[in-house]
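Me: Could you take a close look at one part of this model for me? I'd like to understand the open sheet and what it sits against.

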Amino acid sequence: MNMITNHMPTAELQAIDAAHHMHPFTDGAELAAKGARIITRAKGVMLTDSEGEEILDGMAGLWCVNIGYGREEMAEVAARQMRELPFYNTFFQTSHVPAIALAQRIAELAPGDLNHVFFASGGSDANDTNLRLVRHYWAAKGKPSKTVVISRKNAYHGSTMAGASLGGMGGMHAQGGLPIPGIVHINQPHWYAEGGEMSPEEFGLARARELEAKIAELGEDNVAAFIAEPIQGAGGVIIPPETYWPEIQRICDAHEILLIADEVICGFGRTGNWFGSQTLGIRPHIMTVAKGLSSGYVPIGASIVWDEVADTVARAGDFNHGYTYSGHPVSCAVALENLRIIEEEQLIENVATGTGPYLKEKWEQLADHPLVGEAHTRGFMGTLALTPDKARRAPFEAAEGTVGLICRGHCFKGNLVMRHVGDRMIIAPPLIFQKSDVDLLIERAVKALDLTL
Ligand code: PLP
C-alpha cells in the first residue's frame with residue numbers, strides 16, 4: 001500500500017478519495033467527475049488546500065470551530081488525557097474525572113434547572129437520546145400515552161433514523177422511509193418565504209399557534225415534546241419573528257409539553273450568549289448540544305436535562321440507553337479546555353458587542369445588492385436570500401442552481417467558504433473573527449455575487 005500524504009499531487013489524492021471514500025451529503029458521480037477540494041491544514045480562520053490556496057472559513061468548519069483552528073492547548077490536553085486514561089466507559093456504575101468535571105461545568109453554564117448531562121458522540125445521537133428520554137420520562141410519570149414529538153418542516157436534527165425523522169428535510173425523508181412513527185411536523189416561522197401579506201409579528205404568532213392546533217388534533221395526552229432550534233441553522237438560518245418563541249413557550253407550559261431546544265448550532269456562543277435559548281428567551285426542559293462544545297476538535301454531544309426530568313428518570317430504574325463513547329475521557333477533557341478558552345478569551349463578548357455588531361452592519365448592507373432580497377444576522381449566524389425580484393420576495397426558479405453556482409462555484413473558487421440552502425446563502429464564522437476578517441468575507445462575497453449579475 002502506498003503512503004498517502006499531504007505532499008501527493010492533488011489529482012492523485014482526488015482519485016483515491018473518489019475510489020474509496022463515500023462522502024456524506026454528496027453527489028458521488030459529481031465528486032468522481034470533479035474531484036474533492038482537499039484541505040490539508042488550518043490556522044485561525046484560514047484553511048489551506050492541497051494547491052496551497054488560502055481559504056477564509058465563513059462556516060467555522062460545519063458550524064463548530066468556534067475557537068478557530070490550530071490551538072496548541074487543545075492538542076496538549078488531548079495528548080495528556082490519552083496518556084493518562086485514553087478510554088473508560090461511564091456505564092454500569094463507573095465514572096471518571098473528565099466526564100465528572102465537564103458535566104459539572106456544563107451544568108454551571110446552562111440556564112435554570114438544566115443541571116444534568118447525558119453524553120453522546122454528536123448531535124444526531126444526542127437527539128436519539130432525547131426521543132427515548134422524553135418517552136421514558138412520561139412513562140415513569142404514569143402517562144405512557146405521551147409519546148409523540150412535534151417538530152418543524154425544514155428543521156435539521158441530525159442524520160440517524162431518529163435525528164433525520166425529527167428533522168423536517170423532505171430530501172432526507174425521501175430516502176429510507178422516514179419519518180419513523182410518532183414524529184409529526186408543523187410549519188416553520190420563515191416569514192420571508194412564507195409570510196405573504198402578513199407582518200412578521202402576525203406571522204410569528206400564526207406559526208406558533210400551529211403547535212397548539214397540532215396538540216389539540218393529536219390530544220394533549222399523546223404529546224411528549226416539541227423540539228426546535230432557537231434559530232434554524234441548516235434550514236437556511238431562519239431567524240424567527242420576535243412574537244414566535246414567547247407564544248411557543250406559552251403553549252408548551254399550558255399543555256404540559258416538554259420543550260427541547262436543539263442548541264447544536266446555537267450553543268456555546270454563536271448567538272452572543274452561552275446558549276441560543278438565552279438570546280431568544282426560551283426556557284427548555286432539555287437542550288441538545290454538540291459542535292461548539294468541543295469546537296469540533298473531537299466528537300462529542302450531549303443532552304442537558306432539567307432536574308425534574310433527570311430525577312424522575314433516575315428513580316425509574318435502569319435507563320437502558322447509552323453509547324460506548326458517552327463521556328469519552330479525551331473528548332470531555334478537550335471540551336473542558338475549549339470552554340475555558342471561550343470564557344478566558346471573551347469570545348461570547350466578541351459576538352455580542354465586539355465584532356458581532358460590525359458583522360451585522362456590513363452583512364446587512366448586502367441587501368442593497370441587486371440580487372439580494374434580505375440580509376440578516378443574529379450573533380455570528382448570517383443569512384441572505386437571493387432573488388430575481390426584490391418586491392415580490394421571489395426565489396430563483398432553479399434556486400439550487402443559481403445559489404449553488406454562487407456558493408460552490410464563485411465563493412469557493414474565490415477562496416471563501418459559505419454554504420447555500422435553497423435560495424439562501426449562509427455564514428457562521430469562528431467566534432474569533434475580527435473586523436478585518438469581516439471585511440475580507442464581505443469583499444469575497446460581493447465578488448461572488450457580482451460574477452452572477
Ligand atoms: N442538530 C442540529 C441543529 C444540527 O445543526 C446538527 C448538525 O448540523 C445536528 C443536530 C446533528 O449533529 P451531528 O452532525 O453532530 O450528529
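Reply: Let's start at one end of the sheet, keeping in mind that this is a predicted model. Strand β14 and strand β15 (residues 424-427) run antiparallel to each other and are joined by three bridges. One of the paired positions is easy to find: Val 421 has Arg 424 of β15 as its bridge partner.

Now step back to the whole sheet. It's an open one with four strands, and going across you meet β11, β12, β15 and then β14, with antiparallel pairing. The edges are β11 (372-378) and β14 (419-421), each of which pairs on one side only. Ignoring direction, neighbouring strands here are turned by 20° against each other on average.

What packs on the sheet? That's helix α15 (residues 347-364), which touches β11 and β12 (381-386). The direction of α15 makes about 175° with that of β11.

As for where this sits in the chain, the domain assignment gives domain 1 as 37-67 + 348-450 and domain 2 as 74-344. Taken over C-alpha atoms, the centres of the two domains are 26 Å apart. Their contact draws on 26 residues from domain 1 and 24 residues from domain 2. Here the sheet and its helix come back into the picture: on the side of domain 1 that touches domain 2, α15, β11, β12 and β15 each supply at least two residues, and so does α3 (60-63). By class, that side of domain 1 has 14 nonpolar, eight polar and four charged residues.

Definitions and conventions. Residues are numbered from 1 along each chain as its sequence is written. This is a predicted model: local features need pLDDT of at least 70, side-chain atom pairs count only at pLDDT 80 or more; totals for chains, interfaces and linings use all residues. Two strands pair if DSSP finds at least two bridges between them. Axes are lines fitted to C-alpha atoms, for helices over the stretch in contact, and angles run from 0 to 180 degrees between N-to-C directions. Two residues are in contact if their C-beta atoms, placed from the backbone, lie within 7 Å. Domain bounds come from an automatic or database domain assignment. Ala, Val, Leu, Ile, Met, Phe, Trp, Tyr, Cys and Pro count as nonpolar, Asp, Glu, Lys and Arg as charged, and the others, Gly among them, as polar.
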